[in-house]
Amino acid sequence: MKKVSGKNINWWKWAFFCLVAVIIVSCGVVLNKATAPAPETEVTKPIKPSDSSVTVELNRKQVNALAANYLNEFLKGQKVRYDFIVGDKYATLTGNTKFLGASVRFAINFIPERLSDGNVLLRAKGLSVGQLNIPIKFVMGYIAKNYDIPKWVKINPQKKTVLLDLNRYSKHRSLKYSAQEINMKEGQFKFLITVPTNNK
């Protein structure tokens with residue numbers, strides 16, 4: 001009977017090295033997707049009030065209902081789902097992200113701020129990702145590159161901000177929208193809605 005020549009192969013050793021290699025490659029892919037710059041959005045001009053403008057005041061419940069309805073329509077047929085909820089202190093974006101091959105539930109808290117051009121800027125102030133300690137910039141970068149985000153929403157992972165460009169949202173619509181007041185404490189939100197006219 002012939003003997004097999006050569007050294008014995010330590011399969012456990014090779015399996016360990018393969019596992020380490022897979023983890024390193026996975027981390028590299030996720031990190032690349034998260035840190036790659038998000039596409040730039042075009043600059044739009046602010047909407048000017050006119051005789052055809054009307055101010056609409058909404059409460060917190062109404063804003064959440066509008067956000068839920070918009071996202072349900074926008075994400076119809078998409079595998080990735082996320083929610084945007086306005087609370088007593090923060091506006092919160094919740095969803096799932098991939099980390100080391102596992103699906104992780106996250107929640108990012110934002111403080112909304114009305115800009116002088118009528119747009120809304122969300123400044124990230126906190127992140128919850130289960131028991132993991134993941135930087136906000138990493139999660140926001142992953143969202144910007146892997147989530148189906150409306151074109152009028154611009155995520156800046158480095159500045160940890162999200163711009164809701166209502167001017168761009170209104171660009172090709174029959175009604176123009178502009179934020180007039182954001183009062184998180186009182187739960188009051190005022191928007192200027194303008195019907196474009198042909199008068200110059």
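Me: Why is Lys160 called partly exposed?
Reply: Its relative accessibility is 32%. With a 1.4 Å probe and protein chains only, buried means under 20% relative accessible area, exposed over 50%, and partly exposed in between, so Lys160 at 32% takes the middle label. This is a predicted model, in which local features need pLDDT of at least 70 and side-chain atom pairs count only at pLDDT 80 or more, while totals for chains, interfaces and linings use all residues. Residues are numbered from 1 along each chain as its sequence is written, and side-chain values use heavy atoms, leaving out hydrogens and water.

Me: What makes the phi of Lys160 worth a look?
Reply: Phi is near 55° there, a positive value in a residue other than glycine. You will find Lys160 in the loop between β6 and β7.

Me: How do you know which parts of the protein are helices and strands?
Reply: They are DSSP runs numbered from the N terminus: H or I over at least four residues for a helix, E over at least two for a strand. The protein has four helices and nine strands, and along the sequence they follow the pattern α-β-α-β-β-β-β-α-β-β-α-β-β.

Me: Why is Leu164 called buried?
Reply: Its relative accessible area is 18%, which is under the limit for buried, so the label fits. Leu164 lies in strand β7. Leu164 and Leu121 are 43 residues apart in sequence, yet 6.1 Å apart from C-alpha to C-alpha.

Me: What is Leu164 in contact with, leaving aside neighbours within four places in sequence?
Reply: Its partners are Asn119, Val120, Leu122, Trp152 and Val153. Contact means heavy atoms within 4.5 Å.

Me: What makes α3 mostly covered?
Reply: Eight of its 11 residues are buried. Among them are Phe138, Val139, Met140, Tyr142 and Ile143. For the protein as a whole, 32% of the 200 residues count as buried.

Me: Where does the largest share of the largest nonpolar core come from?
Reply: A nonpolar core is a set of buried Ala, Val, Leu, Ile, Met, Phe, Trp, Tyr and Cys residues joined through side-chain atoms within 4.5 Å. The largest one has 29 residues, and Phe106, Ile108, Phe110, Met140, Ile143 and Val162 touch the most other members. Several elements each supply at least two residues, including β4, β5 and β6, and the largest share, seven residues, comes from α3. In soluble globular proteins, nonpolar side chains tend to be buried together.

Me: What does Ile108 touch, not counting residues up to four places away in sequence?
Reply: The list includes Ala91, Leu93, Ala124, Leu127, Val139, Met140 and Ile143.

Me: How do you know that Arg114 has polar contacts with its side chain?
Reply: A polar contact is a pair of N or O atoms within 3.5 Å; within protein, one must be able to donate a hydrogen and the other to accept it, and residues adjacent in sequence count only if both atoms are side-chain atoms. A polar atom of the Arg114 side chain lies 2.6 Å from the backbone oxygen of Ala179, and the side chain reaches the backbone oxygen of Gln180 at 3.2 Å. Both distances are within the limit, so both pairs pass that cut-off.

Me: Why is Arg114 called partly exposed?
Reply: Its relative accessible area is 33%, and this falls between the limits for buried and exposed, so the name follows. Arg114 belongs to strand β4. The C-alpha atoms of Arg114 and Ile182 are separated by 6.4 Å, although their places lie 68 residues apart along the chain.

Me: What is the volume of the largest pocket?
Reply: It is about 940 Å³. On a 1 Å grid over the protein atoms alone, a pocket is an open set of points where a 1.4 Å probe fits, with protein on both sides within 12 Å along at least five of seven lines, and lining residues have an atom within 4 Å of a point. Of the 31 lining residues, Leu66, Ala67, Trp152, Leu164 and Leu166 are the closest to the centre. Helix α2 gives the largest share of the lining, five residues.

Methods
Grid points are joined across faces, edges and corners, and a volume is the space filled by probe spheres set on the points.
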